[in-house]
Amino acid sequence: MHILAADIGTGTQDILLFDSGKEVENSLIMVMPSPTQVVAERVRRATKAGKALVLTGTIMGGGPSAWAVRTHLKAGFPAYATEEAALTIHDNLEKVKAFGVRIVSNEEAKKLADSGEALEVVMQDFDPCAVSCALSNFEVRMPENYAVAVQDHGNAPDKSNRVYRFELLKELIEKGGKLENFVYRPEEVPKAFTRMKAQADSLLKATVALQTRAVFMDTGPAAIFGALTDPAAVQPAIVINIGNGHTLGALVNENMITAIFEHHSSSMNPEKLQDYIIRLADGTLGFEEVFADGGHGAYIKEASGFEEVRSIMVTGPKREMLEKLSGSELRQEISKKMHFAAPFGSMMLSGCFGLLAGFFEKYPEPSIKLINN
C-alpha cells in the first residue's frame, strides 16, 4: 500500500510517500516551499512586471499570498479574482472588494487570462500535478491514497477567525479529543471547514480516474498525533509544535487531547512559551489572555497538573526556540521532561505521521499501528 501524506504549512509543505512494503524510515520525503509562498512569489512576479493579476482556483492558505496581493494593489496594479479564490484574502467578500480586488465570474477570469490582459495565478493548497511531476522525474508514480492537512479557521465573515477556529477546536475536544474526532473522509468534512473542503473537492477532481481513498485533517491535530509516534512520547504528554507560522501546544492523555493553545510563532519567545507549557498543564492558561496577546486562544477541558506530565515533546522547524537555550534559560522542571520529537527519524514530518495515523483510523490496517496506547 502506498499513501501520499502532505502537511501544508505557512513556510513549507512537507510530503511523505509511505510504502507499507518498506521500513517507514525508507519512505520518500520532500520538504518544499508552501503553496502560499509559491503563490506569493507568482503574484510578486506580476507586480514586478507591472501586469494585472487574476486569481482563480479555490480558497487556500492566506498569509504570504494574501499580503502579496495587497502589495500588488498598493503598487497601483489591478487585481481580479473569482469568488472562491477571493475568500483566501478574507472571508468577507465586501472587505476583499474594499481592498481593491474586482470580483469576476469564472468565464470573465478565463477571458482575462486567455487574452493576456491579466496574469493568471491559480489558488490551491495541494497540487497533485506538481507533486506528480516532481516524483515522475525519479520514476515514481503517484499513489491512489492521500492524506492532506491544512490549517482551517473556518468561514467567519462577521467575527474573528481566531475566535471561530477555537470554537471549532473546542467542539472536537468536547466530543472526545481522540484522533478519530479530527480525521475526515472527503464526504465527512464539515461545511465549517471551508479550506479543507475545497482541497477535498479539488483532489477528487484531479484524481477522478483513480479509486482514490483520502483523509483530511487540520495541521494542528496532525502534528500532535504525529509527535506521539515518537517512542519518547509517554503520556500524559504535552506536545509543542513550533511551526514557521504558528506555535501550538496540547495536553494529551490516553491519546485524547484535553487542553490546547495556539499562537503566532513570531509573537512567542522562550520565556513565554515555557510559561504557557506549565500553565496549560496546570489549567490556568485562559483563552482571553492568549487572544489579547494576538494569538488564536486556549481551551482547557481537563488539566492533569504539570507534575503528572511525563514527557514534553517538541517538534517543528522553529524548535530552536527551546533547543538552543542555555541551562540557565531553560526551566529545570521542563528540561527534565523535554524531548525533541523526530518520528521515524524525521522531525519535519510530524504532521505527515499524524496524517498516516489518521488514514489508518478511517481505513484500518490491523498490521500497521503508529501510535502507542
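What is the volume of the second largest pocket? In this predicted model, the figure comes to about 500 Å³, and the close-up views below begin with that pocket before turning to aromatic rings and the charges placed over them.

**View 1. The second largest pocket and its lining.** Among the 20 residues that line this pocket, T56, G57, T58, E84 and K205 are the closest to its centre. Two or more lining residues come from each of the elements β4 (52-57), α3 (83-86), α5 (106-114), β7 (118-123) and α8 (194-206), and of these α8 gives the most, with six residues. Sorted by class, the lining of the second largest pocket holds eight polar residues, together with six nonpolar and six charged ones.

**View 2. The aromatic pair of F182 and F225.** Ten aromatic pairs are counted in the model, and one of them joins F182 to F225 in a tilted arrangement, at 6.1 Å centre to centre and with 50 degrees between the planes. The two residues are 43 residues apart and link distant parts of the chain, since F182 belongs to the loop between α7 (161-174) and α8, while F225 belongs to helix α9 (residues 219-227). F182 has a relative accessibility of 3% and therefore counts as buried, the cut-off for buried being under 20% relative accessible area; F225, with a relative accessible area of 1%, is buried as well.

**View 3. The aromatic pair of F344 and F353.** The ring centres of F344 and F353 lie 4.8 Å apart and their planes meet at 40 degrees, so the pair is classed as tilted, because planes under 30 degrees apart would count as stacked and those over 60 as edge-to-face. The two partners fall into separate accessibility classes: F344 is partly exposed, with a relative accessible area of 25%, whereas F353 counts as buried at 1% relative accessibility.

**View 4. An aromatic cluster and the charge of R213.** Ring pairs connect F18, F359, F360 and Y363 into a cluster. Over the ring of Y363, which is one of the members of this cluster, sits the charged end of R213, at 5.0 Å from the ring centre.

**View 5. K337 over the ring of F306.** In this last view a lysine is placed over an aromatic face, with K337 lying 4.3 Å from the centre of the ring of F306.

Methods. Residues are numbered from 1 along each chain as its sequence is written. This is a predicted model: local features need pLDDT of at least 70, side-chain atom pairs count only at pLDDT 80 or more; totals for chains, interfaces and linings use all residues. Side-chain values use heavy atoms; hydrogens and water are left out. On a 1 Å grid over the protein atoms alone, a cavity is a set of points where a 1.4 Å probe fits but cannot get out, and a pocket is an open set with protein on both sides within 12 Å along at least five of seven lines; lining residues have an atom within 4 Å of a point. Grid points are joined across faces, edges and corners, and a volume is the space filled by probe spheres set on the points. Helices (H or I, at least four residues) and strands (E, at least two) are DSSP runs, numbered from the N terminus. Ala, Val, Leu, Ile, Met, Phe, Trp, Tyr, Cys and Pro count as nonpolar, Asp, Glu, Lys and Arg as charged, and the others, Gly among them, as polar. Rings of Phe, Tyr and Trp (its six-membered ring) pair if their centres lie within 6.5 Å; planes under 30 degrees apart count as stacked, over 60 as edge-to-face and the rest as tilted. Buried means under 20% relative accessible area, exposed over 50%, partly exposed in between (1.4 Å probe, protein chains only). A charge sits over a ring if NZ of Lys or CZ of Arg is within 6 Å of the ring centre and within 35 degrees of the ring normal.
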